[in-house]
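Biologist: I would be grateful for a close look at a single part of this protein, namely its cysteines. Please set them in the context of the whole chain.

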Amino acid sequence: MLPHSYRALVERSASRFGQALAIEDGEHRLTFAELHAAAENACAACLACGIERGDRVAIWAPNLLRWVVAALGASFAGAVLVPINTRFKGKEARFILEKTRARLLFTVDQFLGTDYVGLVEREGGPRTPDRPLPGLPHLERVILLSGQRENALSWEDFTALAAHVAKPAVRERADGIAGEDVSDILFTSGTTGQPKGVMTTHAQNIRAFSSWSEVVGLRAGDRYLIVNPFFHAFGYKAGWLACLLSGATILPHAVFDVPAVLERIARDRVTVLPGPPTLYQSLLAHPDRPRYDISGLRLAVTGAATIPVELVRSMKEELGFDTVITGYGLTEACGIATMCRFDDDLETIASTSGRAIPDVLVKTVTGDGRDTPPGEPGEVLISGYNVMLGYFEEPERTRETLTDGGWLQTGDIGVLDERGYLRITDRKKDLIIVGGFNCYPAEVERLMLQHRNVVQVAVIGVPDPRLGEVGLAFVVPHPSAFPKRDAFNEPEAAAEFVAELSAWCREHMANYKVPRRIELVSELPLNASGKVTKDVLRERAHAFQSIWNA
């Protein structure tokens with residue numbers, strides 16, 4: 001039987017794995033037994049701060065050992081975890097703190113030169129007596145996971161508060177948590193307006209990522225380098241939560257940097273390295289990779305609409321992964337809905353996101369709600385225990401997303417084959433209509449990635465006076481494409497490459513799918529979870545438009 005709450009999960013892990021290493025962050029290490037004790041101590045400190053069941057506790061920090069301890073301590077106390085994106089500016093973070101009325105904020109004094117507390121302070125607002133930040137009357141304390149500053153508790157001072165709370169009070173609070181209690185509120189990216197807070201429960205997350213761990217084959221003794229940020233479901237639920245379920249060691253990694261990751265894989269004997277396709281593409285393209293011993297790698301988990309078969313093959317042959325698994329999920333479904341299986345062939349792993357996880361249903365429907373037959377595209381709908389409770393204090397937006405029958409309308413366009421395997425073709429809003437033909441950017445990207453000199457590509461739609469819309473492809477070329485010339489400083493070399501790539505596209509895809517413009521770039525803009533931010537590319541395209549029309 002699965003544990004019903006995070007407290008029950010950590011208690012079970014301490015019993016099962018005891019003195020095995022649960023988390024290693026530089027010189028800071030905790031066994032599973034020590035993590036259990038540290039979480040109980042953090043819970044006592046939360047109780048000393050007056051935290052009640054259902055209160056919201058926010059964390060705005062990079063991947064750290066103390067992030068996990070703080071999150072578990074808050075969860076043991078019955079609080080609802082509110083992770084905040086480390087790339088957010090002050091206004092964005094303030095919105096979440098205001099919206100959730102968070103009572104505590106765990107953060108750091110500085111990360112990559114950013115003063116998080118200072119960002120919020122500079123947004124201003126009325127001062128409330130005995131409150132650390134202006135304009136946030138509900139926020140009672142700021143607690144630093146590292147460093148010190150005025151109007152904030154250091155981690156040492158926070159954990160010392162636990163001495164004021166008796167252990168029976170801690171156990172009583174933790175024992176009272178039900179599986180149906182909300183465990184977290186994860187905010188969506190907000191591409192369609194203000195971010196929405198997705199509510200899921202302890203039992204949902206534990207059940208979903210127990211299935212996830214079983215399918216991918218995560219096991220006790222694995223050493224899991226978590227590059228995906230903890231504020232995201234991939235780094236949190238498919239990251240450290242999955243490790244607690246499986247007995248794997250959590251290795252937090254704060255910033256993705258190729259040489260640093262290669263060094264950690266070798267030094268820390270990493271066996272598990274999930275991430276977006278761009279992570280593996282970057283590792284494969286790095287010229288110094290052969291210098292590092294990465295032979296311990298065995299398991300990769302990734303997911304995207306476009307993954308070339310060649311990438312999966314290279315991950316196995318050049319990076320040494322025994323198992324590569326792709327999947328599909330979204331925040332509103334606990335972060336997971338479909339997965340490939342370890343024995344699927346390369347083509348299936350690369351071209352699909354797998355089939356539904358146990359006890360979850362996936363279907364595709366037309367615009368008027370009719371089920372689509374196998375092979376026909378439609379909006380992806382999900383039903384099952386993993387579907388969110390709803391958006392935090394947003395009943396109308398919840399009704400717009402969940403059908404009366406409880407199906408989650410994802411906004412993703414996909415195709416199910418006869419076996420029930422899902423292929424995501426695009427987002428509804430990313431669809432390009434070229435002269436009346438539906439063109440899915442993800443399909444074009446998948447095809448272009450088969451070109452030997454294309455490392456990464458992102459396709460967006462831009463206005464066209466004749467066809468309505470056409471494709472614009474931003475392409476990161478492989479370094480070997482220009483062995484003696486610089487594509488970004490020699491227009492002639494760039495023009496030759498673009499002409500050759502355009503001709504290749506015309507040969508390998510229908511004419512309406514061929515991008516009418518190709519722009520070479522040294523890198524694509526990525527969000528903190530490694531996904532391409534197409535809104536940034538659309539802004540760039542507006543700047544290009546006047547040049548093209550001249």
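Modeller: The cysteines are taken up below, followed by their setting in the chain. This is a predicted model, in which local features need pLDDT of at least 70, side-chain atom pairs count only at pLDDT 80 or more, and totals for chains, interfaces and linings use all residues. Residues are numbered from 1 along each chain as its sequence is written, and side-chain values use heavy atoms, with hydrogens and water left out.

A disulfide is taken here as a pair of cysteine sulfur atoms within 2.5 Å, and by this rule the count is zero. For Cys-46, the closest cysteine sulfur belongs to Cys-49 and lies 6.4 Å away, which is too far for a bond. Cys-46 is also buried, at a relative accessible area of 1%; buried means under 20% relative accessible area, exposed over 50%, and partly exposed in between, with a 1.4 Å probe and protein chains only. Cys-340 is likewise buried, and its relative accessible area is 0%.

Cys-334 deserves attention for its backbone. Its phi is near 65 degrees, a positive value in a residue other than glycine. Cys-334 sits in the loop between β13 (323-328) and β14 (338-339), and with 0% relative accessibility it counts as buried. Leu-112 offers a useful comparison: it too is not a glycine, yet has a positive phi of about 50 degrees. Leu-112 belongs to the loop between β5 (104-108) and α5 (116-122), but it is exposed, with a relative accessible area of 63%.

As for the wider setting, 59% of the 550 residues of the protein chain count as buried. Helix α15 (residues 441-448) is largely enclosed by the rest of the structure, because eight of its eight residues are buried. Among them are the charged residues Glu-443, Glu-445 and Arg-446.

The secondary structure of the protein chain comprises 17 helices and 25 strands; helices (H or I, at least four residues) and strands (E, at least two) are DSSP runs, numbered from the N terminus. A contact is defined by heavy atoms within 4.5 Å. Of the contacts between residues at least 6 apart in sequence, 67% join residues at least 24 apart. The radius of gyration, taken over C-alpha atoms, is compared with a globule rule of 2.2 Å times the number of residues to the power 0.38. The protein chain has 24 Å, which agrees with the value near 24 Å for a compact globule of 550 residues.
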